[in-house]
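Welcome! Below is a short set of exercises with worked solutions, to be followed with the structure in view. Take them one at a time and try each before reading on.

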Amino acid sequence: MTEGREILRIRELKKNFGENDVLHGISMSVREGEVVAIIGPSGSGKSTLLRCATLLERADSGEIYYTGESAASMDDSGGIVYADAASLAKIRRRFGLVFQNFNLFPHFSVLKNVADAPVTVAGRPRAEAEELAMALLVKLGLEDKAEAYPCQLSGGQQQRVSIARALAMQPDILFFDEPTSALDPELTGEILRVIRELALEKMTMVIVTHEMAFAEKVADRVIFMAEGLIVEEGAAGDVIGNPEQSRTRAFLKKYEI
């Protein structure tokens, strides 16, 4: 799938924590309407890649572009130069991030959790933001929880609120960092259904996941990472159903697909 405009481009991204090199020159791109799943063993750099892509973590070298606009570029010495604060604030509004541990504001109601950023960050009128938030809660089956607080919800409900909150900013691309890892199997299915529906609506998504059967069915493309490198990437059915690299095959053997 290549027809959409390029939403995200990452080139030669490197990141280390002290002596620990976590990312070794990662390059990838994501086009509009594409769903990309990133798989790989724990410690392979998947979450660090997402944190660098979403500007939560500062990379040491490389380039990051959103819809052609530079968030970070390489300087003459091979280091990294980030855009100014105003440009980065604008770029941050182009993506949403759904964490594995929900990260909801405990003292806000569900409705306020979803409506707050469009008001405080994007400057939308509160009534308009709340109307959009309510529409998203209806879409995600949470309309009866609008006045509840996060502590009154199940894990699956909290994760659905966190997806609604990300969608409320109307981003160009959504990132999911292991969105089901904190959930039991029944609640996992609940969240995967939501993501599958978003995929059918052509929402551009990058999903770090250990749900291999889901990745094979829902993703357009799969990236397999190990030890801070992209070892293999391609169409989901090819990488998961018939991987070329021995490291990919060894990893996938642990899963019943």
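**Exercise 1.** How many residues has the largest nonpolar core, and which residues have the most contacts inside it?

*Solution.* Start with the ground rules. This is a predicted model, in which local features need pLDDT of at least 70 and side-chain atom pairs count only at pLDDT 80 or more, while totals for chains, interfaces and linings use all residues. Residues are numbered from 1 along each chain as its sequence is written, and side-chain values use heavy atoms, with hydrogens and water left out.

Next, fix the terms. A nonpolar core is a set of buried Ala, Val, Leu, Ile, Met, Phe, Trp, Tyr and Cys residues joined through side-chain atoms within 4.5 Å. Buried means under 20% relative accessible area, exposed means over 50%, and partly exposed is in between (1.4 Å probe, protein chains only).

Now the count: the largest nonpolar core has 54 residues, and I163, F176, L198 and M205 have the most contacts inside it. Helix 6 (residues 185–200) gives the largest share of this core, 7 residues. Helices (H or I, at least four residues) and strands (E, at least two) are DSSP runs, numbered from the N terminus.

Then look at one member, M205. Apart from neighbours within four places in sequence, M205 is in contact (heavy atoms within 4.5 Å) with E34, V35, V36, L174, F176, I195, L198 and A199. There is also a second, separate core of 33 residues, and L8, L88, I91 and I173 are among them. As background, nonpolar side chains in soluble globular proteins tend to be buried together.

**Exercise 2.** Find the salt bridges: how many does a search of the whole structure give?

*Solution.* A salt bridge is a side-chain nitrogen of Lys or Arg within 4 Å of a carboxyl oxygen of Asp or Glu. The search finds 15 of them.

Step one: take D116 and R126, whose side chains meet at 3.9 Å, N to O. This pair links distant parts of the chain, with D116 in helix 3 (residues 110–120) and R126 in helix 4 (residues 126–139), 10 residues apart. D116 is buried at 13% relative accessible area, whereas R126 is partly exposed at 35%.

Step two: turn to E233 and R221, where the closest N and O atoms are 2.9 Å apart. E233 belongs to strand 11 (residues 229–235) and R221 to strand 10 (residues 221–226), so their bridge ties together parts 12 residues apart in sequence. E233 is partly exposed, at 38%, and R221 is buried, at 16%.

Step three: add E128 and R124, which form a salt bridge at 2.7 Å, N to O. E128 is partly exposed at 36% relative accessibility, and so is R124 at 22%. Finally, R5, E32 and D172 are linked in a network of salt bridges.

**Exercise 3.** Which side chain of opposite charge is nearest to R165, and how far away is it?

*Solution.* First place the residue: R165 is in helix 5 (residues 155–168). For charge, Lys and Arg count as positive and Asp and Glu as negative, while His and the chain ends are not counted. The nearest opposite charge is D116, 8.5 Å away, and R165 is buried yet has no salt bridge.

Next, list what surrounds R165. Leaving aside neighbours within four places in sequence, its contacts are F102, N103, L104, F105, N113 and V114.

Then widen the view to the helix. In helix 5, 14 of the 14 residues are buried, so the helix is largely enclosed by the rest of the structure. Just after helix 5 comes Q170, with a positive phi near 50 degrees.

**Exercise 4.** Which way do strand 4 and strand 5 run, and how many bridges join them?

*Solution.* Two strands pair if DSSP finds at least two bridges between them. Strand 4 (residues 61–66) and strand 5 (residues 69–74) run antiparallel, joined by 3 bridges. One place to look is I64, whose bridge partner in strand 5 is A72. These two strands form a hairpin with 2 residues between them, and T67 in the turn has a positive phi of about 45 degrees.

Now follow the chain onward. Strand 5 also pairs with strand 6 (residues 80–82) in the antiparallel sense over 3 bridges, and S73 has V81 as its bridge partner in strand 6. This hairpin has 5 residues between the strands, and G78 takes a positive phi near 90 degrees.
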